[in-house]
Amino acid sequence: MVRLQDIIDEMRSHHASVNVDQIKKAYVYSAKVHQGQLRRSGEPYLVHPLGVAHIIAQLQLDEASVVAGMLHDTLEDTLATPQEIEELFGPTVRQLVEGLTKLAKVSFQSGEEREAENVRKMLVAMAQDLRVILVKLADRLHNMRTLEFVEPERRTAISRETLEIFAPLSNRLGIQWIRTELEDLSFFWLHPEQFRAIDEKLQQVRQERQRYIDEVIELLGKAAEENEIPAQVSGRIKHHYSIFHKMKLKAVDFDQIYDIIAFRILTQSVGDCYRVLGLIHAMWKPVAGRFKDYIAMPKINRYQSLHTTVLGPGNERVEIQIRTEEMHRVAEQGVAAHWVYKEGGGGPGGKELTQFAWLRELLEQHKDVRDPQEFLETVKVDLFSDEVFVFTPQGDVKAMPHGATALDFAYSVHSEVGHHCVGAKLNGKIAPLRQKLKNGDTVEILTNPKQKPSKDWLGFVKTSRAKNKIRAVIRAEQRKRSEEIGREILEKECKRQGVNLARAWRAGEVTKAAQQLGFKDVEEMLIRLGYGRLATIRVIELLLPPDKAEERREAEQKNLDEQKPSRITQIFKRPGRKSKSGILVEGLDDVLVRFAKCCNPIPGDPLVGVITRGRGVTIHNRGCRRVASSDQNRLIEVKWDSDQAAVHSVSIRVLCEDRPGMLANISNILSERGININQVSSRPEDGGRATISLRVTILNLEQLNDVIRRLGRVKGVLDAERVLG
């Protein structure tokens with residue numbers, strides 16, 4: 001258990017003039033308001049804020065951050081008020097604690113919406129004051145360290161969120177030691193069997209590997225000393241999740257991972273870094289394509305280092321990082337190492353705002369994205385992807401997410417360059433727009449004023465900037481076309497009903513009708529008519545003279561059963577029988593619906609409907625990429641009909657060891673759960689692995705998740721997942 005003195009000692013080791021009295025006062029206040037509260041472990045709740053404050057002190061943050069860590073749960077879990085915190089600890093601490101409380105207080109309909117809103121709030125908090133997110137990371141790390149006391153389902157959800165959001169966020173902010181611990185803790189709870197298997201393997205080779213580490217350290221140290229280069233050499237075995245990720249990525253066994261050891265050399269100057277690199281490459285043969293110069297081209301979080309892989313003693317692959325001591329401090333502490341505050345703790349200075357302008361740019365790009373799945377997908381690409389560094393024809397360096405294409409590069413230059421892009425030259429050679437960029441590529445964009453964005457582009461662009469710009473143009477064109485259709489429909493109906501539309505326009509009656517129907521302008525009303533989501537007769541009734549309108553209403557009431565169905569009813573109605581789809585569309589059960597083959601939704605999946613002319617409503621999984629690229633005005637609320645029960649066909653992909661009996665083991669799991677296999681195929685992979693593709697019938701999402709969990713526990717199964725499409 002962390003003691004108050006541990007926090008004070010940690011702060012004093014980094015800050016000579018720390019206000020100890022302020023930290024003690026925060027400790028007393030936190031103990032007072034949390035008195036009687038217990039954690040799930042049975043310990044006093046005070047253990048948690050003390051642990052968080054100690055992690056913040058280890059991050060070498062300022063005094064206000066440590067105090068905020070001590071008080072971070074007071075507004076949410078106690079009777080403490082913001083005013084009281086400001087009176088006792090000042091406005092800066094109040095702002096930090098309120099920022100943390102806002103991150104915690106969110107309640108939405110679906111898990112996707114809740115996660116998306118949490119991430120959105122984190123972006124806002126990061127853009128306003130990075131200390132809020134740093135304290136949040138400390139809070140998550142301490143919670144992960146004590147996760148054994150949480151119920152299993154909640155534990156799994158927290159671990160997955162940590163691995164998908166908080167660990168990559170730590171990496172993006174450059175705080176490597178927190179990232180490493182979060183990854184290993186998440187890995188331990190999400191895949192305990194794989195964690196233990198890797199741990200046992202590491203224990204078996206640890207003694208042998210340690211001898212190898214000592215040998216390489218001695219050789220590197222001797223080489224630096226002989227060349228009069230001051231250097232500190234260290235080596236370590238990579239952490240569990242890093243090894244697991246590499247095994248999964250390369251589809252190989254533990255014994256086939258040859259670079260589980262990493263070495264680090266700290267020097268005193270940039271020149272010494274390159275001199276050491278030359279010595280290493282002279283000693284051992286470098287592995288082609290495994291050298292990266294992050295000193296000349298720093299990562300966006302200011303990480304700097306030279307990375308190289310060589311064939312060391314015994315012809316073994318050895319990864320080596322070379323950096324100065326200052327670079328190492330930034331690499332380990334990330335933004336916390338250089339997020340300098342003005343005297344008095346009033347906030348970041350101009351230099352720091354410039355360094356982290358990418359946070360505000362990121363927030364600006366995503367502020368109008370409403371779909372939760374689309375938001376999460378694009379943020380994870382922009383915030384958490386690895387980077388590649390490419391050059392403009394003028395020699396300027398641009399950082400792009402891993403997997404970005406030439407078209408993404410075009411949109412990063414300017415939206416107009418992207419809109420009119422017809423091709424690209426990579427390193428002087430013509431390349432397609434979908435060509436993925438590699439480190440060191442020189443990219444030249446070719447444009448044509450007549451070119452327009454295509455919907456197909458959404459299938460291969462990577463960055464949110466490109467996707468948002470393309471969607472904006474496509475939606476504008478769809479709206480324009482729908483407005484034209486709506487205008488044509490209205491003109492024809494007015495002519496049929498004897499309404500002088502030209503006179504109605506001049507008299508402002510059309511504008512008035514749009515306002516009466518709740519539209520902000522006539523354009524919106526016409527677009528809704530064009531989509532078939534507004535009955536034309538509702539507009540006509542408002543344009544008819546009062547006496548004719550009354551006559552019409554009386555006639556409608558009298559001949560209601562003989563009336564021709566409205567346009568929207570014609571679109572949706574299935575002739576002659578009730579829908580058996582198990583889907584309710586805005587409360588109706590007689591709507592023509594079909595399930596999208598691109599995502600194969602099953603009961604339990606969050607749904608959305610897309611109106612299609614003449615074919616009713618197509619039902620998609622809300623997370624389907626095609627929904628994100630559809631015109632938002634065509635979307636309609638749909639839900640599962642709980643009274644209808646039907647089986648649905650789903651694809652599952654299993655990555656496993658290629659050995660006899662594996663398919664039988666997988667089939668037994670499905671048979672035990674009463675699940676029928678419609679189709680099965682298998683193909684061998686490199687490294688003694690195989691991919692088994694299954695087509696099965698499932699009742700709902702709960703049953704699917706259960707069987708995937710059970711498949712994941714089968715000995716020899718490395719991964720099991722649902723395949724959309």
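**Salt bridges in a predicted model**

Author: Arg-481 and Glu-484 meet through their side chains in a salt bridge, 3.5 Å from N to O. A salt bridge here is a side-chain nitrogen of Lys or Arg within 4 Å of a carboxyl oxygen of Asp or Glu.

Reader: What kind of model is this?

Author: This is a predicted model: local features need pLDDT of at least 70, side-chain atom pairs count only at pLDDT 80 or more, and totals for chains, interfaces and linings use all residues. Residues are numbered from 1 along each chain as its sequence is written, and side-chain values use heavy atoms, leaving out hydrogens and water.

Reader: OK, where do Arg-481 and Glu-484 sit?

Author: They're three residues apart in helix H21 (residues 464-497), so about one helical turn separates them. Helices are DSSP runs of H or I, at least four residues, and strands are E runs of at least two, numbered from the N terminus.

Reader: Is Arg-481 buried or exposed?

Author: Partly exposed, with a relative accessible area of 49%. Buried means under 20%, exposed over 50%, and partly exposed in between (1.4 Å probe, protein chains only).

Reader: How many salt bridges are there by this rule?

Author: The count comes to 27. One of them joins the side chains of Arg-209 and Glu-316 at 2.8 Å, N to O. Arg-209 lies in helix H12 (residues 192-226) and Glu-316 in the loop between strands S5 (306-311) and S6 (317-324), so the pair ties together parts 107 residues apart in sequence.

Reader: And which of those two counts as buried?

Author: Arg-209, at 9% relative accessibility; Glu-316 is partly exposed at 23%.
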